[in-house]
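Biologist: Before I use any label on a model, I would like to hear the reasoning behind it. Can we go through some of them?

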Amino acid sequence: MGKSLCYIISFLTGAVISVMVTFNTEAGKLTSSEVSLIINQIVGIMTLEAIMLLGRKSSLINPPKREVKWYRHYFGGLFGVAIISLNYISVSGAGATIAMAGAVFGQSLSGLIFDMTGLMGMQKEKITKRRIISLLICLIGIMIYFFGGDGINLYIFPSILAGILTMVQMVYNSSLANAKGPFYSARMNVISGLAGALLYAFIFFPETTISGFKAMRDASFPTMVMGGLLACIVVVNTNIVIPRIPAVYSALLLSSGQILAALAVDYVLYETFTPVLLYGTLITLVGIAVSMEKKASR
């Protein structure tokens, strides 16, 4: 797969993330965030099992497998539990654009760190002044979201943490995908995510979880399942493209797709479009473009 196609997939995957987060949030509002989290993982397992069963003879879906460390199998989904919970808090409190803008900054920052350090097996990349400037411009966009509304918006902080954990999860899952295939890695991600979600829900929020399951009878089927279906697309796509392009560029392309799609979601679904959201988005996209221009000139 060529790098140009990887860049396109990264951008589109970012847009899918924003739509996925919106579905998860709406499902959580109708039931509970814990129930939305559990259903998300169950739908993912069923979808990926069906794909792997039907495509068991395909070299893409079921490629030759190599052994990896045991801990590479079982913890990817735990990041997902934290990410979905943080996204629910930030989208519910501040809307999709601000939530995704925080995630943009968190992903960009963590992508830069991965490239600088080579953590978790990522290839080290030279960090240029342009990349630093890009991140600083994105930070200005974040500050506009933070201070530019009716008051200081503290919901930006859980969204930044969600972005950092998203990048960590993607890198973690991609290492398993390299050895076992993207669909195998995605399946292990949702299996471990379901285990983590069940423990989290029934240990810390048993009453709201049970009430949420009862409320499912009044929730629409597409709202409840679309988050899980889109999550499969996100995990498989990132498993394929993350190892093929520098982490900082995959983060920035994902971010571009996320923030543009989130702006559309706020306008169409929540009717919360404001000049502050537009200005913050434009500045953040400028920061992303500054970094990508260097890549294009090579």
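Modeller: What follows is a set of questions about labels, each answered from a value and a cut-off.

Biologist: What should I know about confidence in the protein chain?

Modeller: This is a predicted model. The protein chain averages a pLDDT of 82, and 91% of the residues score at least 70.

Biologist: Where in the protein chain is confidence lowest, and where is it highest?

Modeller: The lowest mean, 68, belongs to helix H12 (residues 275–296), and the highest, 95, to helix H9 (residues 206–215). Over residues 293–298 the pLDDT is below 50. That stretch still has eight contacts in the model beyond near neighbours in sequence. Where pLDDT is low, the predicted coordinates should not be read in detail.

Biologist: Why is H4 called oblique to H5?

Modeller: Helix H4 (residues 76–94) and helix H5 (residues 96–117) pack at an angle of about 140°, with their axes 7 Å apart. Angles over 145 degrees count as roughly antiparallel and those from 65 to 115 as roughly perpendicular. The angle of about 140° falls in neither range, so H4 is oblique to H5.

Biologist: Which residues make that contact?

Modeller: H4 contributes Asn87, Ser90, Val91 and Ala94, while H5 contributes Ala96, Ile98, Ala99 and Met100. By class, the contact of H4 with H5 has six nonpolar, two polar and no charged residues.

Biologist: How do you know that H5 spans what a helix of its number of residues should?

Modeller: H5 has 22 residues, for which 32 Å is expected at 1.5 Å a residue. From its first C-alpha to its last, H5 reaches 31 Å, which is close to that value. After H5 comes Gly118, with a positive phi near 70°.

Biologist: What makes H5 largely enclosed by the rest of the structure?

Modeller: A residue is buried when its relative accessible area is under 20%. In H5, 18 of the 22 residues are buried, so the helix is largely enclosed by the rest of the structure.

Biologist: Take Ala103, which is found in helix H5. Why does Ala103 count as buried?

Modeller: Its relative accessibility is 3%, and the cut-off for buried is under 20%. Ala103 therefore counts as buried. Leaving out residues up to four places away in sequence, Ala103 touches Ser159, Ile160, Gly163 and Gln258. Ala103 is also 8.5 Å from Ile156, C-alpha to C-alpha, although the two are 53 residues apart in sequence.

Biologist: How do you know that the span of H7 agrees with its number of residues?

Modeller: The 25 residues of helix H7 (residues 156–180) should span 36 Å at 1.5 Å a residue. The end C-alpha atoms of H7 are 36 Å apart, which agrees. H7 is also largely enclosed by the rest of the structure, because 21 of its 25 residues are buried. Just after H7, Gly181 takes a positive phi of about 105°.

Biologist: What makes H10 mostly covered?

Modeller: In H10, 15 of the 21 residues are buried. Helix H10 (residues 221–241) reaches 31 Å from its first C-alpha to its last, close to the 30 Å expected at 1.5 Å a residue.

Biologist: Tyr7 is found in helix H1 (residues 3–30), and Leu5 has its place in helix H1 as well. Why is Tyr7 called buried?

Modeller: Tyr7 has a relative accessible area of 16%. Buried means under 20%, so Tyr7 is buried. The C-alpha atoms of Tyr7 and Gly228, 221 residues apart along the chain, are separated by 24 Å.

Biologist: Why does Leu5 count as partly exposed?

Modeller: Leu5 has 42% relative accessibility. Partly exposed lies between the 20% limit for buried and the 50% limit for exposed, so Leu5 counts as partly exposed. Leu5 and Val241 are 236 residues apart in sequence, yet their C-alpha atoms are 8.9 Å apart in space.

Biologist: What about Thr208 in helix H9: why does Thr208 count as partly exposed?

Modeller: The value for Thr208 is 41% relative accessibility, so Thr208 counts as partly exposed. Thr208 touches Ser32 and Glu34, not counting residues up to four places away in sequence. Thr208 and Val35 are 8.7 Å apart, C-alpha to C-alpha, and 173 residues apart in sequence.

Definitions and conventions:
Residues are numbered from 1 along each chain as its sequence is written. This is a predicted model: local features need pLDDT of at least 70, side-chain atom pairs count only at pLDDT 80 or more; totals for chains, interfaces and linings use all residues. Side-chain values use heavy atoms; hydrogens and water are left out. Axes are lines fitted to C-alpha atoms, for helices over the stretch in contact, and angles run from 0 to 180 degrees between N-to-C directions. Helices (H or I, at least four residues) and strands (E, at least two) are DSSP runs, numbered from the N terminus. Angles under 35 degrees count as roughly parallel, over 145 as roughly antiparallel, 65 to 115 as roughly perpendicular and the rest as oblique. Contact means heavy atoms within 4.5 Å. Ala, Val, Leu, Ile, Met, Phe, Trp, Tyr, Cys and Pro count as nonpolar, Asp, Glu, Lys and Arg as charged, and the others, Gly among them, as polar. pLDDT is the predictor's confidence in each residue, from 0 to 100. The expected span of a helix is 1.5 Å times one less than its number of residues. Buried means under 20% relative accessible area, exposed over 50%, partly exposed in between (1.4 Å probe, protein chains only).
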